[in-house]
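Trainee: Could you take me through one part of this structure up close? I'd like to hear about the stretch around the loop residues with unusual backbone geometry, and whatever packs around them.

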Amino acid sequence: MSSLQHVNPRVRGIRVSPLNGLQSLAAHITQEITLGAQKPFKEVIDVSSSDPHKAGMKPITFVRQVLAGCLHPQLLEEKTLPLDVRQRAQRLLEVCAGGSVGSYSAASGIHHVKQSIAEFIMRRDGGVPSYAKDIFISAGSQRALMVVVKLLASGEGETRTGVLTPMPCPHTLPMLLDEAGVTLVPYQLMEDRGWAVDLDELHRALKTAKGRCEPRAIYISNPGNPTGHVQDWKSIEEVIQFAAAERLLLLVDEVYQDSVYGEEKEFISYKRVLFEMGKEYSEAVELVSFHSLSSTCMGECGFRAGYMELVNMDPEVIHFLDILLDTDISTPVTGQLALDLMVNPPKPGDPSYDTYTQEILLTRTILSKNAQRAQEFLNDLPGMSCQPAMGGIYLYPHLHLSSEITEKAKILEVEADVLYRQMLLEEEGVLLGEGCQHGETTGNHYLRLCILVPPDTLEEVLDGLGSFHLRGHTSSA
């Protein structure tokens, strides 16, 4: 039966989270293959979201060795592990309650790890002060963001808290804001300028929010998720000036800061720029920045650990933040220890330094080459255009769909790009992510493709996507 004639009921109707429906379908197809069903492909390849290890990327040896020693301290009595691994594991066990990773930690995180993070931030930002007391560790950066947004949430109707949000944005963000009880105020990134943040567009978005909600914060993703753009100093400065003039809290997602590979591009933190703008800004603008263990080159999603740093935050707000965190179960201790290893890796001269450096370099090289390869491939397909990614782990191609598929989607009461992705999954075994366009118009569709995968896996994805796409599912517009 053709995919056009059979649409998974779970993806019909209102567009709540079609990816969940397609993931269920992908799991069902995988089960069918396991039971011996014949498909035109050997397995489902999921590149819809960031899970590098699931996709086949290898973990960093140093991280796994240290955590192995923490989980099974008897290993530290032997000499099979490098000396610096054993010393680090022993030090981390000493900062765990009872000397065990099985104990609880303080709600905001282990102090030793928070101090390591503060020192990392100071090194990164050229000596700009950072303090452990302003660091809050959470079970992933999304959890930290939720806590902050819930603190902001208040009012109803015209007085309801609003958050200026980029379009496109991380695919989980609209649901997070809705769950927190705030209004999403969209501002459009400029696709024709490499998904740039545009100051006039920020003012336009703020103006349209008047009478609909009370904007109190602006969310920024840098490097961009899923767009791959990387802001320069001038762009960051403009956003900070805008936030200061409009008295908006800056919520800055910087989880891909170690994944910048665009030519002549570098990651510059919002905090660094803020503190070089003079006291008018550095002592007044409120900033919360987020980082995550799962979104780095390490890709350790399963350990569930991230952190946020609060800058210029009112002490009473910090007090309530502590209360909120106290009502939650503390971040997994193994994840906190992995965070320590992320921000304080082996140093030159350490036994593990060479292997660690080579493994991180390999991951970054794969990411950079995959980005270039996939972007060129996508732009060669009719009805597809894709801005080059400068950082992060996604490509975000613009898709022009054929009238056949758009008309069929109307009949089936499903979004046209969802139907496209379902057909691609059923016919080629490739699962792509949905675009995130708030209030998108007909014919304006996007796909999300994770490129932090082994090169061979990427080639399989591109082969399947290309074969499917060229069978006439798109317009040449």
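Mentor: Let's start with a cut-off: a residue counts as exposed when its relative accessible area is over 50%, as buried when that is under 20%, and as partly exposed in between. Keep in mind that this is a predicted model.

Now look at Arg 247, which sits in the loop between α9 and β6 (249-253). Its relative accessible area is 74%, so Arg 247 is exposed. The backbone is worth a look too: phi of Arg 247 is near 55°, a positive value in a residue other than glycine. That catches the eye because most residues other than glycine have a negative phi.

Go on into β6 (249-253) and you get to Leu 250, a member of the largest nonpolar core. That core has 63 residues, and Leu 250 is one of the four that touch the most other members, along with Ile 218, Ile 240 and Leu 251. Leaving aside neighbours within four places in sequence, Leu 250 is in contact with Val 239, Ile 240 and Ala 243, among others; those three fall within α9 (233-246). Its contacts also include Ile 218 and Ile 220, which belong to β5 (214-221), and Leu 287 and Val 288, which belong to β7 (287-292). Tyr 270, Val 285 and Glu 286 complete the list.

Follow the chain back from α9 and you come to the loop that links β5 (214-221) to α9 (233-246), where Pro 223 is found. A cis peptide bond joins Asn 222 and Pro 223, with omega about -5°. Another cis bond lies between Met 167 and Pro 168, and there omega is about 5°. Pro 168 is also a loop residue, placed between β3 (161-167) and α7 (173-180). Both are worth pausing on, because most peptide bonds are trans.

One more arginine rounds this off. Arg 304 lies in the loop between β7 (287-292) and β8 (306-311), so we're back at the strand that holds Leu 287 and Val 288. Phi of Arg 304 is near 50°, again a positive value in a residue other than glycine. Here the relative accessible area is 36%, so Arg 304 is partly exposed, whereas Arg 247 is exposed.

Terms used. Residues numbered from 1 in each chain as written. Predicted model: local features only at pLDDT ≥ 70, side-chain atom pairs only at ≥ 80, totals over all residues. Heavy atoms only, no water. Core = buried A, V, L, I, M, F, W, Y, C linked by side-chain atoms within 4.5 Å. Buried < 20%, exposed > 50% of the residue type's maximum accessible area, 1.4 Å probe, protein only. Contact = heavy atoms within 4.5 Å. Helix = DSSP H or I, 4+ residues; strand = E, 2+ residues; numbered from the N terminus.
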